[in-house]
Amino acid sequence: MSAARLYRIRLHLTAPLATPLTSGTLFGHLCWCRRELEGEKALVDWLRHQEERPWLISDGFPADLLPRPLLRRDGSARLLATEEADRAKKLARLPFLRMEGFLKHRDSLSEATIAPYLAAAPESAERPLLRHRMAHNSIDRRRGTTPEEGGLFFVEEDWSFAVEARRDVYLKAAAEPGEIRLLFEHLGERGYGRDTTWGRGHFRVEGIEPLPALDAGRGSRRLSLSHGTLTANMEDVRYKLFTHFGKVGDVMAAGGARPWKKPILLARPGATFRPRDEGPFGELLTGVHQDRPEIRHDARHLTLAFSEAES
């Protein structure tokens, strides 16, 4: 069996995204793709071997960008001039770190060393992120009906593919590029996320490449590229929380299963921690659906090693 390698899958969006490219949802879609391509038994066997041969997957990020790591803050307090304060506020809002900056400074990351490499989503430099708001009515999960009063909410679609269509998804697995390409190409054709029948969530695979330099680093801390749970082998964790409200696939819902999973509290990409062992970190969760115990949610972290600069 081949050793696990870190790959970058470069996607080229050909349609808007109605569902963000999050790690657990991507993993679930790959499960459906494997079932459709290879059959139910192949999927069951693949899932059974996830403990010893995990497929660790990231969120999808704009091309060549990584999530901004949560680092130690400078404890010194000083009065800033107006221009300097405005610049500090702008830097604080930037959510991404250019890969070149991470690779250059991964042995001594700090707010100062990453500052020149922080970035917004590429399209926001020229215009606001293209989003389309749609009205929906909430459903009472106990009765399966809409409320008589209130309940209206809005969801956003991401149309930024019209400005910058490339997205990077990272995968660490003992797999060959051909197997990975087959699954992702099938996903791009069938559609990812909500409203695929309306043409949302389609893409093509632009390329798959191993990134040994990104995976080869050593350090005392790790940066998560995924939405995942916090486990005992993650110490001194810095994180921001996100509540995931998942749904089962269309085929399973059509078979009579309730469409909703239980809410899950996850740490967002960009979380950093000190590892107690070699991982994996996070969990492949069970018990996430009220009726179907076989349904799982991938809340594991794909991580990169780094070290922080000394205070």
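The following exchange covers a strand sheet, a surface patch and one loop residue in a predicted model.

Biologist: In what order do the four strands of the open sheet lie?
Modeller: The pairing in this open sheet is antiparallel. Its edge strands are β11 and β17 (303-306), and each of these pairs on one side only. Read across, the order is β11-β14-β10-β17.

Biologist: By how many degrees are neighbouring strands of this sheet turned against each other on average, direction ignored?
Modeller: The sheet in question is the open one with antiparallel pairing. With direction ignored, the average turn between neighbouring strands is 30 degrees.

Biologist: Which residue in β17 is the bridge partner of Arg222?
Modeller: β10 joins β14 through two bridges, and in that strand Arg222 has Phe273 as its bridge partner. β10 also pairs with β17, in the antiparallel sense and over four bridges. There the partner of Arg222 is Ala305.

Biologist: Are the residues on the two faces of β10 buried or exposed?
Modeller: In a regular strand, side chains alternate between the two faces of the sheet. In β10, Arg221 and Leu223 lie on one side, while Arg222 and Ser224 lie on the other. Both faces are covered, and these four residues are all buried.

Biologist: Which residue in β14 is the bridge partner of Arg238?
Modeller: β11 and β14 (residues 272-275) run antiparallel and are joined by three bridges. The partner of Arg238 in β14 is Thr272.

Biologist: Where is Leu230, and what is its relative accessible area?
Modeller: Leu230 sits in the loop between β10 (221-224) and β11 (234-238). Buried would require under 20% and exposed over 50%. Leu230 falls in between and is therefore partly exposed, with a relative accessible area of 36%.

Biologist: What is the area of the nonpolar surface patch that Leu230 helps to make?
Modeller: Patch residues need over 30% relative accessible area, and Leu230 has 36%. Leu230 makes the patch together with Tyr239, Leu241 and Leu265. Its area is about 370 Å².

Biologist: What separates the C-alpha atoms of Asp64 and Arg8?
Modeller: Asp64 lies in the loop between β2 (56-62) and β3 (65-67). Arg8 is 56 residues away along the chain, yet the two residues are in contact. Their C-alpha atoms are separated by 9.8 Å.

Biologist: Which residues is Asp64 in contact with, leaving aside its neighbours within four places in sequence?
Modeller: Asp64 is partly exposed, with a relative accessible area of 35%. Contact here means heavy atoms within 4.5 Å. With those sequence neighbours left aside, the contacts of Asp64 are Arg8, Arg10, Leu97, Arg98, Met99 and Asp168.

How values were computed
Residues numbered from 1 in each chain as written. Predicted model: local features only at pLDDT ≥ 70, side-chain atom pairs only at ≥ 80, totals over all residues. Heavy atoms only, no water. Patch = residues over 30% accessible without salt bridge, like charges linked within 9 Å, V, L, I, M, F, W, Y side chains within 5 Å. Areas by Shrake-Rupley, 256 points an atom, 1.4 Å probe, with all protein chains shown as cover. Salt bridge = Lys/Arg side-chain N within 4 Å of Asp/Glu carboxyl O. Buried < 20%, exposed > 50% of the residue type's maximum accessible area, 1.4 Å probe, protein only. Pairing = 2+ DSSP bridges. Axes fitted to C-alpha atoms, helices over the stretch in contact; angles between N-to-C directions.
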